[in-house]
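Student: I am new to this structure and would like to go through it step by step, with the reasoning spelled out. May we begin once it is in view?

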Number of protein chains: 2
Amino acid sequence: MNIGQAAQASGVSAKMIRYYEEIGLVPKAARRESGYRDYEEADIHRLRFIRRARDLGFTVDQIGELLGLWADRSRASSNVKTLALSHVEELRRKKAEIEGMIATLESLAQSCHGDDRPDCPILEELGAAGHDVSGLQAQPRRFGAPGFSPRRG
Amino acid sequence: MNIGQAAQASGVSAKMIRYYEEIGLVPKAARRESGYRDYEEADIHRLRFIRRARDLGFTVDQIGELLGLWADRSRASSNVKTLALSHVEELRRKKAEIEGMIATLESLAQSCHGDDRPDCPILEELGAAGHDVSGLQAQPRRFGAPGFSPRRG
DNA sequence: CATAAGGGTTCCCACCGTGGGAAGGTCAAG
DNA sequence: CTTGACCTTCCCACGGTGGGAACCCTTATG
């Protein structure tokens, strides 16, 4: 199976398959005489696994762990569950950040009449000296969590 | 005022101030004879504005627009409000994606006993042939939205 | 058999926003 | 004058992903 077919079958683009190989997330693919990578069912299976884990927002590192657990048929299911739940915690944090932003922005937008007059509390707030915008909604101090980048495919 | 003081006063790191200057988000700072950048109150003010807008999850491009609107004292407030609300829409989409992930993961985790036995529905689901994990929760098809990276400072 | 189309291969570049660090210049205080 | 804190520019890294160039391989068709 060529990389193109593997991509189609797994939902992971050829570019990404090569990238995952490069960073060691998947083992180096077998090569034909031509130099073409050659994939089998098991490889497709693994790629699909990765694709789904990405869809669930796991980072590549976490997916590496998951693959390890997946391969180890004697591991305790608690290991997997722990990993999953700690990821859920992470997701909840991000959700809370976003909710804070939404709440602040909505309250600012609500107080802006939004017509052709120039005065606008949104900009006034952003430009005001001193305090923190997030304080408007009494959000937890730190928005900036480690970056989150969902799949874009 | 040196860049260090400006950073302190605005909450934007010196690195980021230089970066914003480089990409043209802020005008080139005045220089002393020594070559040091020199900042005034108005610059600090603008940097604080940027910092807050980042805290609210606006992209650098959007902040550019916001700064333009901020500077234009005769613009209609509706322009600002529109921009803010469309950003809120974006945030809502991201929130929904995250909620989908959380829901799926929780339902998987719930069905995993999480003890020292090896069988684990989480990995089984991820590794299953065929269907889409998100289907478990009947989420809207596409998780992968354009990337989201909140501030990390 | 020759050629074209559509794969594949590697390699580099870009994005966004941020941090790290090296190599060198400046400034203020001791 | 020396020390240390600061500034300057420049390059590199991250996570993931896409774009594209330059080149090789395979397969179908005239």
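Student: In which helix of chain A is the place of A:Tyr19?

Tutor: Please keep in mind that this is a predicted model. Helix H2 of chain A covers residues 14–22, and the place of A:Tyr19 is in that helix, H2.

Student: Is A:Tyr19 buried, partly exposed or exposed?

Tutor: Buried means under 20% relative accessible area and exposed means over 50%. A:Tyr19 has a relative accessible area of 37%, so this residue is partly exposed. Together with A:Met16 and A:Ile23, A:Tyr19 makes a nonpolar surface patch of about 250 Å².

Student: Where is A:Leu25 found, and is A:Leu25 buried or exposed?

Tutor: A:Leu25 is found in the loop between H2 and strand S1 (30–31) of chain A. Leaving aside its neighbours within four places in sequence, A:Leu25 is in contact with several residues, among them A:Ile50, A:Val60 and A:Leu67. Because its relative accessible area is 12%, and the limit for that class is under 20%, A:Leu25 is buried.

Student: What separates the C-alpha atoms of A:Leu25 and A:Leu67?

Tutor: Along the chain, A:Leu25 and A:Leu67 are 42 residues apart. In space, the separation of their C-alpha atoms is 8.6 Å.

Student: How are H1(B) and H2(B) placed relative to each other, parallel or perpendicular?

Tutor: Helix H1 (residues 3–10) and helix H2 (residues 14–22) of chain B pack with their axes 8 Å apart, at an angle of about 100 degrees. The contact includes B:Ile3 and B:Ala6 of H1(B), and B:Ala14 and B:Ile17 of H2(B). Since an angle of 65 to 115 degrees counts as roughly perpendicular, H1(B) and H2(B) are therefore roughly perpendicular.

Student: Which residue forms a salt bridge with A:Arg92, and how are the two separated in helix H5 of chain A?

Tutor: The two residues are 3 residues apart in helix H5 (residues 77–110) of chain A, which means that they are separated by about one helical turn. A:Arg92, at 37% relative accessibility, counts as partly exposed. The closest N and O atoms of the salt bridge are 3.5 Å apart, and the partner of A:Arg92 is A:Glu89.

Student: Is A:Glu97, which forms a salt bridge with A:Arg93, buried or exposed?

Tutor: In the salt bridge between A:Arg93 and A:Glu97, the closest N and O atoms are 3.8 Å apart. A:Arg93 is partly exposed, with a relative accessible area of 37%. A:Glu97, at 6% relative accessibility, counts as buried.

Key
Residues are numbered from 1 along each chain as its sequence is written. Chains are lettered from A and ligands numbered from 1 in the order in which they are written. This is a predicted model: local features need pLDDT of at least 70, side-chain atom pairs count only at pLDDT 80 or more; totals for chains, interfaces and linings use all residues. Side-chain values use heavy atoms; hydrogens and water are left out. Patches are made of residues with over 30% relative accessible area and no salt bridge: like charges are joined within 9 Å, nonpolar side chains (Val, Leu, Ile, Met, Phe, Trp, Tyr) within 5 Å. Accessible areas come from the Shrake-Rupley method with a 1.4 Å probe; for residues, only the protein chains shown count as cover. A salt bridge is a side-chain nitrogen of Lys or Arg within 4 Å of a carboxyl oxygen of Asp or Glu. Helices (H or I, at least four residues) and strands (E, at least two) are DSSP runs, numbered from the N terminus. Buried means under 20% relative accessible area, exposed over 50%, partly exposed in between (1.4 Å probe, protein chains only). Contact means heavy atoms within 4.5 Å. Axes are lines fitted to C-alpha atoms, for helices over the stretch in contact, and angles run from 0 to 180 degrees between N-to-C directions. Angles under 35 degrees count as roughly parallel, over 145 as roughly antiparallel, 65 to 115 as roughly perpendicular and the rest as oblique.
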